[in-house]
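Hi,

Here is the model we talked about, ready for you to open. My notes on it follow below.

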Amino acid sequence: MSIVYFDICSIPVFLIILYICYARRMTKGNANRLFIAVVFVSLFSAAADLGMEAMNNAAPLTERGYVVCVVSTYIYMILRNANNVLLLLFLLALTRTTFLLRKTWKKVGFFLPYACILGMLAQNPFTGSAFTVTREAGYTRGPLMLAFYGIALIYGFVGFLYCIYCRRYLPANKWGPLLAVYVLAHLAVLIQFLRPGLLLEMFSTALGELLILLAILRPEERMDSEVGMLSWASYQSDIHSIVLSGERVQIIVIRMRNSLEIRNYLGDHSYNSFLMEVAGEIRGIPLRRGQSLEIYHERPGSIYLIAETGESGAKDDSERMLDAAREKIRNCERAGARFDPQICLIRCPEDLCSAEDIISLGHKFQKIDNRTQSVFYAGNITKSRTFAVEMHIEEILDRAVKDGNIEMYYQPIYDVRSGTFRSAEALARIVDPEYGVISPAIFIPAAETLGYIIPIGDRVLGRVFRFISEHDLDALGLAYIEVNLSVAQCMESALPDKIGALQKTYRIDPGRINLEITETTFENINEIMVENVSRLIEMGYSFALDDYGIGYSSIQRVNSIPLSLIKIDKSMLDEVSSVNGRMILEHTVHMMQSIGKRLVAEGAETGDEVDLLRGMNCDYIQGFYFSRPLPEDEFIRFLREHRIRECGTG
Ligand code: C2E
Ligand code: MG
Ligand code: MG
């Protein structure tokens, strides 16, 4: 007598799982689709098992009962064993390792045991060696049934071992439940083998699949439902799995240059639905047979596509996908707005084979390959020195802070009225033992985001104070040195004390230092910052506003802090070839001077530019025309030579 209650209970569990899959719209992606197939097959296996066992309990069978018992036994055997195969395929899809079965001999090896089962079932009506169904005794196992169990165990054991092996590809909170599913399923098979009347198998399968649904396939973790694409967190975790598994993929990174503007223009809701429409268009890119395409989104407007690379012709395929993606995005329009994409193709593992590098390149490709094109190839970018520096920037910063590999360069600033160099700007460089001299344009923004800016800023201040104490500035013709302060430094409550301590150590007159802050400082203005600035001003330090003209500085902002100098960004000078650009510069100089500010024009490279600035009555000029930033000793030599020349002519 079989206990059919477990089978009966398993059926509603399978139905609930299927309903949840439907309600969560878990129909995209190989893993989801395979999981739904697993549940369907399990549901029909349970129904067949129930039919077979119910008839069995009613033996001796009627004519109809006999037919039901025979048919449901065959259906059960076919589906139950198919389930083991599907579960293993699901595991491969979940860990993005389906490509392991790409070779024909591997496919044959994988499906052969199941084919043997189908073969054994096909010969069973003639031999009855697997099982027999008689009217008197109902279902009876035959000697070949052991082979069925053996094959089920092989699939189960391979799955179990693969689960253990997969702990590298899956986070612990997913890997654990997956292993539990296998343990649960095989424990039930063992119990049912020893006590055939206890129909535990389908019920334990149902519990296992519920566990997969609840603990492993969590679409809320995978999906960014607002835009209908996979989330940024999924992208990161999939890239790690891809790299670990060695899967060959093409990654297309699409960064929308104007995403923020479009979001502001459309508003959040309409912007998200616009992105959803773009994703829908991209989903329509024709793919090779069997090729999958996953679409991810990173806020505010970056889209990442991951497609498998075929065995051959990978390059042509990616070009085709790249063009198609561009075309699709270009065709999308919402209220007259269109995205302006910059696209980068990364082939993995050919171009890059570290997950961190792939993720990081997706963020930086336009910055590293600093051109205005719209398509970038990782294969070209990864050869550049800037790429190597960018990819190792944290290590470089760490070394710079620990070993003090920070050098100060000084760029003289020309005083138009006196015709001499009356000041200079201190500019930091990292001199790394491995990567050489590194520009602050690269390491300062990285130091700001990676938390190194305070130790670097402290070092810069220390070096500049020491420089001033070691040289007689008056003898060099210099009134003061300008030092750049980053926002984080301005926000540090200890800044005035740190500067006060340096002042004491090096016995420096505060008038010798002018602190440069940027517009970003104003954007982040808070109490500590206001307090810091006023304390430093009280101590005798003066402030300059750097890079005026590239952000949103208003004259009100300029007026809110007692700034002694305004430094006009090079980009304003670059615009003087146009009538408007020239007028803007001229009026800026005039306006600033009328509210009592002195002006430094940055980035003068030619004699014409210098003449123009002189004509506009600009107070100071800084630029390559006079000198590039120089290492300390060269800078001293430059000033001395200049003074000798001046005395000679004077
Ligand atoms: P900045 O403060 O605006 O410095 C001026 C930059 O313009 C320097 O770049 C200088 O080399 C460059 N420059 C000067 N004249 C010309 C010219 O005629 N043509 C061109 N093309 N460029 C010119 P650098 O040294 O690469 O510094 C870049 C930025 O890094 C600086 O811009 C500043 O924002 C930041 N920085 C440099 N040193 C420090 C530092 O010690 N602390 C902080 N917080 N930031 C720093
Ligand atoms: Mg500066
Ligand atoms: Mg500047």
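**The magnesium site**

The magnesium ion (ligand 3) is held by Asp546 (OD), Asp547 (OD) and Glu602, which gives two OE contacts, at 1.9 to 2.3 Å. Donors here are N, O and S atoms within 2.8 Å of the metal (3.2 Å for Na, K and Ca), and water is not among the atoms, so sites may look incomplete. Along the sequence, the donor residues of this ion follow the spacing D-D-x54-E. Asp546 also coordinates the magnesium ion (ligand 2), which sits 4.1 Å from the magnesium ion (ligand 3). Distant parts of the chain are linked this way: Asp546 is in strand E15 (residues 542-548) and Glu602 in strand E17 (residues 598-602), 56 residues apart. Strands (E, at least two residues) and helices (H or I, at least four) are DSSP runs, numbered from the N terminus.

Asp546 is buried at 5% relative accessibility, and Glu602 is buried too, at 11%. Buried means under 20% relative accessible area, exposed over 50%, and partly exposed in between (1.4 Å probe, protein chains only).

**Before you dig in**

This is a predicted model: local features need pLDDT of at least 70, side-chain atom pairs count only at pLDDT 80 or more, and totals for chains, interfaces and linings use all residues. Residues are numbered from 1 along each chain as its sequence is written, chains are lettered from A and ligands numbered from 1 in the order written, and side-chain values use heavy atoms, leaving out hydrogens and water.

**Elsewhere**

Phe193 is found in helix H6 and is partly exposed, with a relative accessible area of 33%.

Cheers
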